[in-house]
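Thank you all for coming. Please have the sequence and the coordinates open while I talk, as I will be moving from one part of the chain to another.

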Amino acid sequence: MQFVSTRGMAAATSLSAALSAGLAPDGGLYLPAHWPQFKPAAFADETDLSQIAQRLLTPLFAGDPLAAALPEICAQSLDIDAPLRALPMPNSWMLELFHGPTAAFKDFAARFLAACLLRIEHEGETRELHILVATSGDTGAAVGAAFAGKPGVRVWILYPDGRVSPRQAHQLGAFGGNVTALRVQGNFDDCQALVKRALNDDELTSRLRLSSANSISLGRLLPQMSYYAQASLRHWRAHGHTLGFIVPTGNLGNGLAALLARRMGLPIGAIVLASNANATLSEYFAGGDYTPRPGIATLANAMDVGAPSNFERLRALFATDTEVRSALSAEWVDDAQIRSAISTSPAHYGTVVCPHTACALVALERRRAAGDSRDYAVVATAHPAKFDTVLAPLIDAVPAPPPALAALLQRPSHSEALANDYAAFSACLLR
Ligand SMILES: *Cc1c(COP(=O)(O)O)cnc(C)c1O
């Protein structure tokens with residue numbers, strides 16, 4: 001399979017080259033040149049996530065040097081449970097994606113990307129690989145966990161000081177060793193700008209071998225299709241019809257993965273993007289222009305994105321805006337509604353949810369109120385215990401952290417302050 005840029009001004013390239021580059025040379029994002037098609041029966045009775053991923057990704061890896069390693073890459077990185085649980089109301093489920101080492105869905109993609117990057121050979125290259133990652137809270141931890149202790153790799157996590165939950169901050173600084181956490185005096189966009197500038201700095205890249213693990217990486221998008229495939233196949237086999245998904249959305253990576261799985265033939269119904277008060281997508285889907293803007297801070301901090309970086313991919317998949325708008329829909333949810341969904345979640349849903357998942361629950365309630373009785377799974381993107389300070393005032397008992405998160409929280413945590421200043425950042429990388 002060849003991979004092409006959304007902007008159409010760069011040469012088609014191999015999977016390995018697209019994974020290593022991150023961004024296409026014309027500034028666009030990579031997508032497969034065409035979409036392999038599957039029927040549900042092609043998966044026979046497979047239920048294992050890594051096996052389903054392997055089948056789905058085989059045509060996308062075909063012809064690439066990484067193809068031979070795909071079974072091993074899937075087995076090593078997608079060994080995380082993704083249970084689909086029935087909610088205590090008709091036609092409603094929850095797809096739990098928070099059972100990985102850092103308790104958010106970013107673990108699936110970060111582990112897969114790391115397994116790929118660590119296997120791509122660069123002839124004659126002996127320098128250490130520096131992975132730069134800007135994070136709004138969860139990506140940094142997932143990438144840190146995926147690369148911690150790996151020889152020949154250093155990870156630099158940039159996060160906005162004071163804009164991530166206390167437990168997220170602790171987690172980011174708890175890896176130590178080859179993973180450095182930098183708390184930036186700025187917002188997420190500032191962190192992302194520092195990373196982008198470093199990647200484009202010829203002087204720096206002549207001295208250091210740099211790569212990034214940000215949310216536009218193809219290597220994060222592809223594995224995220226696999227849990228939608230697994231859940232929808234399971235539903236199809238049990239009920240004989242499609243399952244829709246309501247996806248908490250920030251940079252649009254996770255929601256786009258659901259769409260791509262549907263495009264490849266998986267039995268997926270409606271896809272609803274649920275944002276926080278950053279309403280860029282909802283406004284577009286309601287018929288307005290796409291107007292990217294600075295992100296605003298909300299209780300669902302990992303989705304505080306005003307310029308969703310995968311929108312460019314979404315738009316490139318369709319000929320017209322009308323087609324985009326008929327393929328998906330989007331809703332936005334304010335902090336008061338997030339609070340209310342969290343406080344009622346134990347009684348209404350028999351479970352406690354994180355602030356991001358709460359946005360999807362509100363969107364589900366709106367669907368039901370509008371008379372939509374189709375089958376939906378709300379996607380639970382993070383474990384609620386990561387957001388204990390948001391939850392504590394709203395519910396009787398915050399659930400305990402799952403074991404892997406508890407272990408990270410037990411470890412000492414260290415981060416370095418970094419001014420929102422490029423010279424300071426590059427000096428830090430070079431020291
Ligand atoms: C990153 C994140 C999101 C948003 O996912 P995107 O792929 O950026 O749309 C939602 N919830 C949680 C908990 C996250 O960490």
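I will go through a helix, a set of paired strands, an arginine beside those strands, the salt bridges, and finally the cysteines. Please keep in mind throughout that what you see is a predicted model.

Let me begin with helix H9, which covers residues 218–239. How far apart are the end C-alpha atoms of this helix? With 22 residues at 1.5 Å a residue, H9 should span 32 Å, and its end C-alpha atoms are indeed 32 Å apart, so the expected and the computed values agree. Most of the helix is covered, since 17 of its 22 residues are buried. At the N-terminal end we find a cap provided by Ser217, which has a side-chain oxygen 3.1 Å from the backbone nitrogen of Gly219. At the other side, just after H9, Gly240 takes a positive phi of about 75°.

Next, the strands, and here I would like you to find strand E4, residues 92–96, in which five of five residues are buried. Ser92, Met94 and Glu96 point one way from E4, while Trp93 and Leu95 point the other way, and on both sides these residues are buried. Which strands does E4 pair with? One partner is strand E3, residues 84–86, which runs antiparallel to E4 and is joined to E4 by three bridges. Within that pairing, Arg85 stands opposite Met94. E3 and E4 together form a hairpin with five residues between them, and in the turn Asn91 has a positive phi of about 60°. The other partner I want to show is strand E12, residues 376–380, which runs parallel to E4 and is joined to E4 by five bridges. There, Leu95 of E4 has Val379 of E12 as its bridge partner.

Keep Asn91 and Ser92 in view, because they lead us to Arg368, whose contacts include both of them. Arg368 sits in helix H15, residues 355–369, and at 26% relative accessibility Arg368 counts as partly exposed. Leaving aside neighbours within four places in sequence, Arg368 is in contact with Pro90, Asn91 and Ser92, and also with Ser373, Arg374 and Tyr376. Two of the residues just named also offer polar partners to Arg368: the backbone oxygen of Asn91 lies 2.8 Å from a polar atom of the arginine side chain, and the side chain of Ser92 makes a polar contact with the side chain of Arg368 at 3.0 Å.

That brings us to charged pairs, and the count for this model comes to 16 salt bridges. I will take a few of them, beginning with Glu72 and Arg119, whose closest N and O atoms are 2.6 Å apart. This pair links distant parts of the chain, for Glu72 is in helix H3, residues 70–77, whereas Arg119 lies 47 residues away in the loop between helix H4 (106–117) and strand E5 (129–134). Are these two residues buried or partly exposed? Glu72 counts as partly exposed at 43% relative accessibility, and Arg119 also counts as partly exposed, at 23%.

A second salt bridge joins the side chains of Glu125 and Arg127, with 3.0 Å from N to O. Glu125, at 28% relative accessibility, is partly exposed, and so is Arg127, at 35%. A further salt bridge is formed by Glu203 and Arg207, with their closest N and O atoms 3.4 Å apart. Both belong to helix H8, residues 202–207, and because they are four residues apart they are separated by about one helical turn. Finally, Arg367, Asp372 and Arg374 are linked in a network of salt bridges.

I will close with the cysteines, where the structure holds zero disulfides. Why is Cys191 not bonded to Cys428? The closest cysteine sulfur to that of Cys191 is the one in Cys428, and at 13 Å it is too far for a bond. Cys354 is likewise in no disulfide, as the nearest cysteine sulfur, that of Cys359, is 8.3 Å away. Cys191 is buried, with a relative accessible area of 0%, and Cys354 is also buried, again with a relative accessible area of 0%.

Notes
Residues numbered from 1 in each chain as written. Predicted model: local features only at pLDDT ≥ 70, side-chain atom pairs only at ≥ 80, totals over all residues. Heavy atoms only, no water. Helix = DSSP H or I, 4+ residues; strand = E, 2+ residues; numbered from the N terminus. Expected span 1.5 Å × (residues − 1). Buried < 20%, exposed > 50% of the residue type's maximum accessible area, 1.4 Å probe, protein only. Polar contact = N/O pair within 3.5 Å; in protein donor to acceptor, adjacent residues only side chain to side chain. Disulfide = S-S within 2.5 Å. Contact = heavy atoms within 4.5 Å. Salt bridge = Lys/Arg side-chain N within 4 Å of Asp/Glu carboxyl O. Pairing = 2+ DSSP bridges.
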